[in-house]
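Please look at the sequence and the structure below. The paragraphs after them explain one helix at a time.

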Amino acid sequence: MFIPVFLFILALLYVISPIDPIPDVPVIGQIDDALVAAIATLNLLQSWLEETSIFLFGLRGLVKWLLIFIGIIAFSVMGMAVLTLVKVVTG
């Protein structure tokens, strides 16, 4: 139970930290913070649900991986949009 709590605290520190790999510009910068916080929360829930309910434990795993997959797609689409915008602007 210690590791999920520790990772959750690290995620919260990452969210409130002014130093980010992706700057906190509107929408783009908040997506990585939201994903980190959500995944850390789901990991914390996993440690609690493992002892409580097998069904919810499995469902939580599915939701976590779905969230990771959606995050990867969102960052890929945003990266392609930024590259396209740079190409259009630089002409």
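What follows is a walk through the helices in chain order, with stops at single residues along the way.

The model is a predicted one. Helix H1 covers residues 2-16. A nonpolar patch on the surface is formed by Phe2, Ile3, Val5, Phe6, Leu7, Ile9, Leu10, Leu13 and Ile16. Together these residues have about 900 Å² of accessible area. Phe2 is one of them, and its place is in H1. Is Phe2 buried or exposed? Phe2 counts as exposed because its relative accessibility is 65%, and the cut-off for exposed is over 50%.

The next helix to consider is H2, which runs through residues 28-52 and has 25 residues. From the first C-alpha to the last, H2 reaches 36 Å. That is close to the 36 Å expected at 1.5 Å a residue. H2 also has a bend of about 25 degrees, located at Gln46.

Which residues of H2 are buried? They are Gly29, Asp32, Asp33, Leu35, Ala40, Leu42, Asn43, Ser47 and Leu49. An α-helix has 3.6 residues a turn, so residues three or four places apart point the same way. The buried residues of H2 pack against two other helices, H1 and H3.

Two of these residues can be followed further. Asn43, in helix H2, has a relative accessible area of 19% and is therefore buried, since buried means under 20%. What does Asn43 touch, leaving aside residues up to four places away in sequence? Its contacts are Pro4, Arg60 and Lys64. Of these, Arg60 and Lys64 are among the buried residues of H3.

Ser47 is the second case, and it too belongs to helix H2. Its relative accessible area is 12%, so Ser47 is buried. Ser47 is 43 residues from Pro4 in sequence. In space, the C-alpha atoms of Ser47 and Pro4 are 7.0 Å apart. Pro4 therefore appears in two places in this account: as a contact of Asn43, and as the partner in the distance given for Ser47, a residue that is buried at 12%.

Helix H3 takes in residues 54-90. How does the span of H3 agree with what is expected? At 1.5 Å a residue, its 37 residues should span 54 Å, and the end C-alpha atoms are 54 Å apart, so the two values agree. After H3 comes Gly91, which has a positive phi, near 60 degrees.

The buried residues of H3 are Arg60, Gly61, Lys64, Gly71 and Met78. H2 is included in what covers them. Gly61, which lies in H3, counts as buried because its relative accessibility is 14%. Gly61 and Leu42 are 19 residues apart along the chain, with 8.0 Å between their C-alpha atoms. Leu42 is itself one of the buried residues of H2.

Other residues of H3 have more intermediate values. Leu56 lies in this helix and is partly exposed, because its relative accessible area is 37%. Ser76, also placed in H3, counts as partly exposed because its relative accessibility is 38%. Partly exposed values fall between the cut-offs for buried, under 20%, and exposed, over 50%.

Distances to Asp20 can be given for both residues. Leu56 is 36 residues from Asp20 along the chain, and their C-alpha atoms are separated by 33 Å. Ser76 is 56 residues from Asp20 along the chain, and there the C-alpha separation is 18 Å.

Methods. Residues numbered from 1 in each chain as written. Predicted model: local features only at pLDDT ≥ 70, side-chain atom pairs only at ≥ 80, totals over all residues. Heavy atoms only, no water. Patch = residues over 30% accessible without salt bridge, like charges linked within 9 Å, V, L, I, M, F, W, Y side chains within 5 Å. Areas by Shrake-Rupley, 256 points an atom, 1.4 Å probe, with all protein chains shown as cover. Salt bridge = Lys/Arg side-chain N within 4 Å of Asp/Glu carboxyl O. Helix = DSSP H or I, 4+ residues; strand = E, 2+ residues; numbered from the N terminus. Buried < 20%, exposed > 50% of the residue type's maximum accessible area, 1.4 Å probe, protein only. Expected span 1.5 Å × (residues − 1). Bend = angle between axes of the 7 residues up to and from the residue. Contact = heavy atoms within 4.5 Å.
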